[in-house]
Amino acid sequence: MDKFTNSAWFMRIVAFALAALLFISINFEMESDKKSLGLSTAPEISTETIENVPVEVYYDRENLVVSGVPETVDVTLKGAKSLLINAKNQRDFKVYVDLSDPAISMGDRTVTFKISDLNEKLVATIDPEYAEVNVQERVTKEFSVEAEYNSSLLEEGYTAGQPTVSPQTVKITGAKDAIEQISYVKANLEISKGLNETVNSKATVKALDRDLNKLDVTIEPSSVAVSLKVSIPSKTVSIAPKQTGKAKDGIRITSISVDPKEVTLFGSETSLEKIDEINLPVNISKIDGDTELELDLNKPDSVQKMSLGKAQVKIRTEKVDVDEENAEPVVEEEEPETEQKQEEQVVEEKPEPEEEDEPAAIESKTFNNIQIVPVGIRDDQDAELESDVTNITLLGEADDLKKITKDDINLTVDVSNLDEGTHDVDLAVTVPEGVEWELDSKTVSVTITQKDEET
């Protein structure tokens, strides 16, 4: 045994076995390290599609307009899975179209998409591969804006004036061909059904061709302020008291008066044309003497609303004998009359008419330079009256007029719903009860201006 172990061959075999074990051990550890570091000699190849990748366009934006380039494309990447995952998560590559050449010609052209900042070990395919684009000279032009709205959404009976726009013009920038196609520049005011009041709102501006197709242009400003004044036609008519029923025995109705004598009706013009007065039925069957009543005014069906719903009615009476009230004239048989009898009949005294209370005489009194006060002024507006004083004449009984002074008369003008500009506005008059009034003019010119913003 010692002879065998001490032989040269034994030592060679042992040395070879140890070398083989050492080689196998070292290679096994290196392969393990490579796999743990992703350094496998045969990496796994995969593909990954990234959708909706934004497209950048490089061109002279000050002088040119480019259209036809899609906003996004799909990119399919092929390569090592670890690199694909990193590219998909970070999206640090770019897809672009290069039209930056200063010598580029105008018109239609086909351009291919390019990709940058992508790992060189990845292969990219872009879908679509190319785009049909149009290059045009960049043009800016000023246009007037026309506001529009759906008039069928107004409440029945109401009307609207011409909408006003601020600013009245906008600057539109786009391709020369697109600018030349502009036929209308509209600002559509959005309103809701049943509109019955003035509207002040913002509206988006759109540029349209002759067929009302929206054009791809840039508008500055993109929205404008639109004001639509909504009102309802009105008509002032008299209130006509109509006696109904039969007076009690011994009572005679001498007069029926109403206060106020007029009412303002609101509705469509065609409906108002047919109405000249409002009848106010007054039932006298329960009247025992002089009476004052407050009665409801009946609104005609064709009228939207009235300025008041009630009126004061004054009834004046006198007592009479029942026999006198019910007495019927006696009809005597006719006899041939001699000339003498006819003369006697003519000379015969006629019964004197019963004395009646004469109505008090109506007089007038004029007050000069009565102050007109504007009410409802908004914080951001100023109101200037063409004339802030006027003359008023009061009509009534002398005793009533003597008690009235300037302090009893109030003239106001409501400017709460007025937009910027000049308007003719009705005056509102307040005077003591029992008198009527007349003005030199029932309207006053009011100019509304916007206050300067504080800096």
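Contact here denotes heavy atoms within 4.5 Å. The model is predicted, so local features need pLDDT of at least 70 and side-chain atom pairs count only at pLDDT 80 or more, whereas totals for chains, interfaces and linings use all residues. Residues are numbered from 1 along each chain as its sequence is written, and side-chain values use heavy atoms, with hydrogens and water left out.

**Exercise 1.** Determine the surroundings of leucine 118.

*Solution.* Step 1: leucine 118 belongs to the loop between β6 (114-116) and β7 (123-127); strands are DSSP runs of E, at least two residues, numbered from the N terminus. Step 2: beyond its neighbours within four places in sequence, leucine 118 contacts Leu77, Phe93 and Ala124. Step 3: a separation of 7.4 Å divides the C-alpha atoms of leucine 118 and aspartate 92, which are 26 residues apart along the chain.

**Exercise 2.** Classify serine 46 as buried or exposed.

*Solution.* Step 1: buried means under 20% relative accessible area, exposed over 50%, and partly exposed in between (1.4 Å probe, protein chains only). Step 2: serine 46 has 17% relative accessibility, so it counts as buried. Step 3: serine 46 sits in strand β1 (residues 45-58).

**Exercise 3.** Establish which strands stand at the edges of the five-stranded sheet.

*Solution.* Step 1: the open sheet runs β30-β28-β25-β27-β31 with mixed pairing, where pairing requires at least two DSSP bridges between two strands. Step 2: β30 (428-430) and β31 (436-439) are the edge strands; each has a single partner strand, so one side of each lacks a neighbour in the sheet. Step 3: β31 pairs with β27 (residues 389-397) in the antiparallel sense over four bridges, and leucine 395 has glutamate 436 in β31 as its bridge partner.
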